[in-house]
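Work through the exercises below with the structure open beside you, and try each task before you read its solution.

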Amino acid sequence: MTSGSAADFRFRDIALVAYGPSVVSAVGHGAIMPVLALRARDLGADISVAAAIVALVGVGQLLASLPSGALIARIGERRALVAAGFVDACAMAFAALTDSVLGLAAGVLLSGVCWTLFLIARQGFMIDVVPATHRARAMSLLGGSYRVGVLVGPLIGAGLIHVTSITSVFWLGATMSVTASLLAGTMPDLGEEKRAVAKASGHLGVWTVIGSHRRVLATVGSAVVILGMSRSLRLSLLPLWADHLGLSASTTSLIFAGAAAIDVAFMWPGGWLMDTRGRMFVAVPVVLSMALACLLLPLATSVVTVSLVMAMIACGNGLGSGIVMTLGADSAPVDGRPQFLGAWRLCGDIGNSGGPLLVSAVAAVAPLATACLVLGVLILAGTGWVGYWTRRVDLARAAEPGTVRAGA
């Protein structure tokens, strides 16, 4: 199975091996994340420690980005996916069995490490099997497969908890990870010859690859940081504003559920737009929608107006499904691709982690409404930076279809 020509390519030919492991794994993660803090509380953690344990998922992802790229370069995408699934299953099983907060923390941290390894390997496989003309749609579906899992997972998890206990959700996650691993084992190993050549000549070091492509990482990569940061704000700022207005937790959850449906609906149009018009035409709306939402949020004083603001964010976020992976695939070099994708993933993780920290920092020194306005202005400025560098990516793709030169 290779990318072949665009005329012969059909998404249904790769659907099971390309998207099956992602959907299945995301169901497990989607079921666990809403109850992770509750599991910590059951084990005796106070609120701050429970929040810290939830944050360890992101910490694991940050720590694993660069090492994951180096590992994939040596063992390949298929072996990495199989290994990530089985180790993740062990981490979730341990989280179910442990009777200590420290044990739960270790399991969560390891799960975050495995998830990053899984995502980078998935991205590399898609670069190989999908023609450049269909790349954005393929990556949008890949991002969307995670969204579908996150929607379905909590529903299954809620049913399990109702009839058994909270630990059953972790066993569900372990089962899903094993299933994802077995599905990944059916995919072809497309990079075996390339790895053999690299082994004979010596694998490129992670820092060597980063140094060779430092300009593209500092420019387009920094745009990815802004993209990740703006998207993550909705998960921290919107709940705070809803709480500020006195909306109930159930009402806030319903608003987020409606937004998630909009998010999924815009997934395919976003991929099509990136492939046919360019990456900039999606990247800019992603950031701009969040900037406008921050500026409008102080005016949203009811369920209806908060829902409208959230719907606007969801439209932009849905269009941007897979945008970070697409830009990474565009920018990745042929030699040292896994190492580069590890660094690229780190850029996205920095943005995802930085968004909530930025909200916390601004809200600590200003009223929430003022914080919204400050964040809106900052993100609006970032929109220009994202637009400029993603436009450069589009120009480079037009000059040399399917590739982006470092420092474009």
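The exercises that follow concern a predicted model.

**Exercise 1. Placing two residues**

Task: Determine whether T219 is buried or exposed, and then decide whether L102 is buried or exposed.

Solution: Begin with T219, which lies in helix α9, a helix made up of residues 214–245. Its relative accessible area is 7%, and the cut-off for a buried residue is under 20%, so T219 is buried. Leaving aside residues up to four places away in sequence, T219 touches W385 and W389. Turn next to L102, which belongs to helix α4, residues 101–129. Here the relative accessibility is 70%, and because exposed means over 50%, L102 counts as exposed. As a last step, compare separation along the chain with separation in space: L102 and L217 are 115 residues apart in sequence, and their C-alpha atoms are 36 Å apart.

**Exercise 2. Describing a pair of helices**

Task: Find how the axes of α9 and α16 are arranged, and say which kinds of residues make up their contact.

Solution: Two packed helices are described by the angle between their axes and by the distance between those axes. For α9 and helix α16, which spans residues 368–399, the axes come within 9 Å and cross at roughly 150°. Since angles over 145 degrees count as roughly antiparallel, α9 is roughly antiparallel to α16. The crossing of α9 and α16 is left-handed. The residues of this contact divide into 18 nonpolar, five polar and one charged.

**Exercise 3. Reading the cover of a helix**

Task: How many of the nine residues of helix α14 are buried?

Solution: Helix α14 runs over residues 323–331, and eight of its nine residues are buried, which leaves the helix mostly covered. Among the buried residues of α14 are I323, M325, T326 and L327, and G328, A329, D330 and S331 are buried as well.

**Exercise 4. Looking for disulfides**

Task: How many disulfides does a search of the whole structure find, and why is C114 too far from C90 for a bond?

Solution: The search of the whole structure finds zero disulfides. For C114, the closest cysteine sulfur is that of C90, at 8.6 Å; because a disulfide needs two cysteine sulfur atoms within 2.5 Å, this is too far for a bond. C315 is likewise in no disulfide, the nearest cysteine sulfur being that of C294, 16 Å away. To finish, consider accessibility: C114 counts as buried, at 5% relative accessibility, whereas C315, at 25%, counts as partly exposed.

Methods:
Residues numbered from 1 in each chain as written. Predicted model: local features only at pLDDT ≥ 70, side-chain atom pairs only at ≥ 80, totals over all residues. Heavy atoms only, no water. Helix = DSSP H or I, 4+ residues; strand = E, 2+ residues; numbered from the N terminus. Buried < 20%, exposed > 50% of the residue type's maximum accessible area, 1.4 Å probe, protein only. Contact = heavy atoms within 4.5 Å. Axes fitted to C-alpha atoms, helices over the stretch in contact; angles between N-to-C directions. Parallel < 35°, antiparallel > 145°, perpendicular 65-115°, else oblique. Left-handed = near helix turned anticlockwise from the far one by under 90°. Nonpolar A, V, L, I, M, F, W, Y, C, P; charged D, E, K, R; others polar.
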